[in-house]
Structure formats: structure tokens, C-alpha cells
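Here are my notes after a read through the model, point by point. Have it open next to you as you go.

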Amino acid sequence: MFPFPAVSLSAIPWDFILILIVLGVVVPWRGAVRVKRLLAQDALTTSQRLSLYASTIAFQWLLVAVIFWRSFSRHLSPNELGLVVSGVWQTWFVALVVTGLLCMNQWAGVRKMARLPPSQRGFLFQFTQKIMPQHPSEAFAFVALACTAGLSEEFVYRGFVFAVFSRAFVQTPFAAFFALVVSSAWFAMAHLYQGRRGVITTFVVGIFFSTVRIWTGNIVPAIVGHIGVDLVAGLYAPRALRTSPDRVIPTAPTDEGQ
């Protein structure tokens with residue numbers, strides 16, 4: 001039972017609709033354009049990666065600030081946004097289990113990708129080669145990016161978008177299910193730059209995170225799991241792929257080498 005009044009899809013406030021459009025159209029378009037431009041380059045310098053990380057962090061926190069402001073103005077409570085932790089021990093136990101399972105799955109996926117022949121590496125290999133940190137100075141910045149992504153994206157999709165559609169479908173007997181599916185679809189759209197396989201993967205991950213959010217009543221386990229997966233991808237994957245036999249990733253030039 002959700003603690004908010006019954007409203008219909010037509011009653012979603014205009015500013016919430018505008019935010020949903022930005023999340024469903026502007027964010028995917030922006031991501032696709034940036035990634036296409038970056039992948040078209042032979043190699044990125046350290047300053048280019050750091051600039052990418054910094055701009056992404058700034059954009060995500062700006063988005064969070066706007067959404068938090070409008071949510072507060074429209075009386076979306078912290079409980080509706082999944083920010084209230086009632087069962088602390090249960091929440092952190094679930095968070096540790098979820099994070100461990102997801103990190104092991106990510107680790108196994110990286111190991112599998114490292115063993116693939118060059119013709120089958122695909123987009124994720126190119127993305128890792130170009131975007132993920134290749135030097136220690138980049139790794140520190142990437143940690144900040146991973147933490148930002150985990151906090152901001154879970155607040156936006158498992159918090160805000162989930163709450164908006166929970167309200168919209170509250171008159172139906174399956175409000176939580178509809179909110180789970182729709183918020184996961186919005187989350188997947190934000191990852192259109194990863195191609196069809198990436199969209200499907202992030203949709204499934206979104207379903208999983210939303211299920212955990214419903215189970216625990218908050219977004220903390222999803223935040224911790226999200227951060228863990230991103231850290232494995234960003235810190236372990238480049239090293240694993242670079243040291244794989246016959247699969248050496250060329251090191252991007254630093255600014256000093258320009």
C-alpha cells in the first residue's frame with residue numbers, strides 16, 4: 001500500500017512531465033552524441049578523460065538538484081523517494097549481498113570479454129578502452145564519478161521516476177509493478193549509447209534494483225550495488241583487458257606526451 005493520494009496519468013504535474021521528457025529524450029541523445037564523438041577519436045588524453053568525468057559529475061548533480069527541488073515543491077516525501085531507511089540491519093545486509101553478487105557477475109563478465117577474439121569484442125571493449133581510466137590519476141576521478149552515478153541515478157530512477165509512476169498507477173492493483181517496469185524502461189533509455197545489448201542489460205538491472213527497492217522500502221541497496229558494479233567496470237576491467245594475452249589496449253597519451 002503506497003502512502004500517497006490516488007492520481008491518474010493525466011494528473012502528473014507539468015514539471016514532472018518535463019523532467020521525464022529530459023530523462024527520456026535529452027539524456028539519451030546527449031549520451032549517444034558524446035560517446036560517438038569520443039569513440040571516433042584514436043585515443044583520449046588524460047585531460048580529456050578527466051574533463052569527461054568532471055562534466056558528467058556536474059551534470060548529474062545538477063539534475064539531482066533540480067529533481068529534488070521540484071519533488072520537494074510537489075510534496076513528494078522522502079519515504080516516497082526511497083530515502084527513508086526503517087530496517088537498518090536488513091537494508092545493509094541486503095546491500096552487501098546484492099553488491100557482492102553484482103560485483104562477482106561483473107568480474108566474470110570482464111573475464112569472459114578478455115578471452116574473446118578481437119572480432120567479437122564489440123562495443124563494450126571499445127567503450128572500456130576509450131572511456132575507462134588508464135592511469136592512476138584518472139582512477140581517483142573515476143571513483144568520484146562511480147559514487148556520483150550510483151547516488152544520482154538511483155535517486156533519479158529508483159527514487160523519483162519510481163515515485164511518479166507509483167502515484168500515476170496508484171488506482172490500479174499493480175501500482176508497484178507498473179512503476180517498476182516503467183522506471184526501468186526510463187533507466188534503460190538513458191543507456192541507449194550502449195546499443196541494443198546494453199539497453200536490455202540495463203533494463204534487467206533496473207528491474208532488479210527496483211525489486212530490491214520495493215522489498216527494502218528504500219534505495220540504499222541499489223545505490224551501493226550500483227557503485228560497486230561501476231567500480232569493478234572502471235578499475236578492474238581496463239587492467240584485466242590490458243594484460244590479457246594478445247589483447248593489449250594501447251595506452252592513451254598523457255598531456256605531457258602531446
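1. Reading along the sequence, you get α-α-α-α-α-α-α-α. That makes eight helices and zero strands. Keep in mind throughout that this is a predicted model.

2. On the overall packing: the protein has 258 residues, and 47% of them count as buried. Among contacts with a separation of 6 or more, 82% are between residues 24 or more positions apart.

3. Start with the pair at the N-terminal end of the numbering, α1 (residues 14–39) and α2 (residues 46–73). Their axes come within 12 Å and cross at roughly 175°. With angles over 145 degrees counted as roughly antiparallel, α1 and α2 are therefore roughly antiparallel to each other. From α1 the contact takes Asp15, Phe16, Ile19, Leu23, Val27, Arg30, Arg34 and Leu38. From α2 it takes Leu52, Ser55, Thr56, Phe59, Leu63, Ile67, Arg70 and Ser71. Sorted by type, the residues of this contact are nine nonpolar, three polar and four charged.

4. Now the interior. The largest nonpolar core has 32 residues, and the members touching the most others are Leu23, Tyr157, Phe160, Val161, Phe165 and Trp186. At least two residues come from each of α1, α2, α5 (136–168), α6 (175–189) and α8 (220–242). The biggest giver is α5, with 10 residues. Leu23 is worth a second look, since you have met it twice: in the contact of α1 with α2 and again in this core.

5. What does tyrosine 157 touch, leaving out residues up to four places away in sequence? The list is Leu23, Val27, Phe162, Ser183, Trp186, Phe187 and Ala190. Of these, Leu23 and Val27 also belong to the α1 side of the contact with α2.

6. There is also a second, separate core, this one of 14 residues, with Val35, Leu44, Tyr53 and Phe142 included.

7. Have a look at α4 (residues 122–131), where threonine 128 sits. Threonine 128 has a relative accessible area of 7%, so it is buried. Beyond residues up to four places away in sequence, threonine 128 touches Met113, Gln134, Ala237, Pro238 and Leu241. Leucine 241 is 113 residues away in sequence, yet the C-alpha to C-alpha distance to threonine 128 is 8.8 Å.

8. Glutamine 129 is in α4 too. Is glutamine 129 buried or exposed? At a relative accessible area of 18%, glutamine 129 is buried. Its C-alpha atom is separated by 6.8 Å from that of proline 238, although the two are 109 residues apart along the chain. Proline 238 also turns up among the residues that threonine 128 touches.

9. One backbone angle to check: histidine 75 has phi near 65°, a positive value in a residue other than glycine. As background, most residues other than glycine have a negative phi. Histidine 75 lies in the loop between α2 and α3 (88–114). With a relative accessible area of 65%, histidine 75 counts as exposed.

10. Last, the cysteines. The disulfide count comes to zero. Cysteine 103 is buried, at 18% relative accessibility, whereas cysteine 147 is partly exposed, with a relative accessible area of 30%.

Methods: Residues numbered from 1 in each chain as written. Predicted model: local features only at pLDDT ≥ 70, side-chain atom pairs only at ≥ 80, totals over all residues. Heavy atoms only, no water. Axes fitted to C-alpha atoms, helices over the stretch in contact; angles between N-to-C directions. Helix = DSSP H or I, 4+ residues; strand = E, 2+ residues; numbered from the N terminus. Parallel < 35°, antiparallel > 145°, perpendicular 65-115°, else oblique. Contact = heavy atoms within 4.5 Å. Nonpolar A, V, L, I, M, F, W, Y, C, P; charged D, E, K, R; others polar. Disulfide = S-S within 2.5 Å. Buried < 20%, exposed > 50% of the residue type's maximum accessible area, 1.4 Å probe, protein only. Core = buried A, V, L, I, M, F, W, Y, C linked by side-chain atoms within 4.5 Å.
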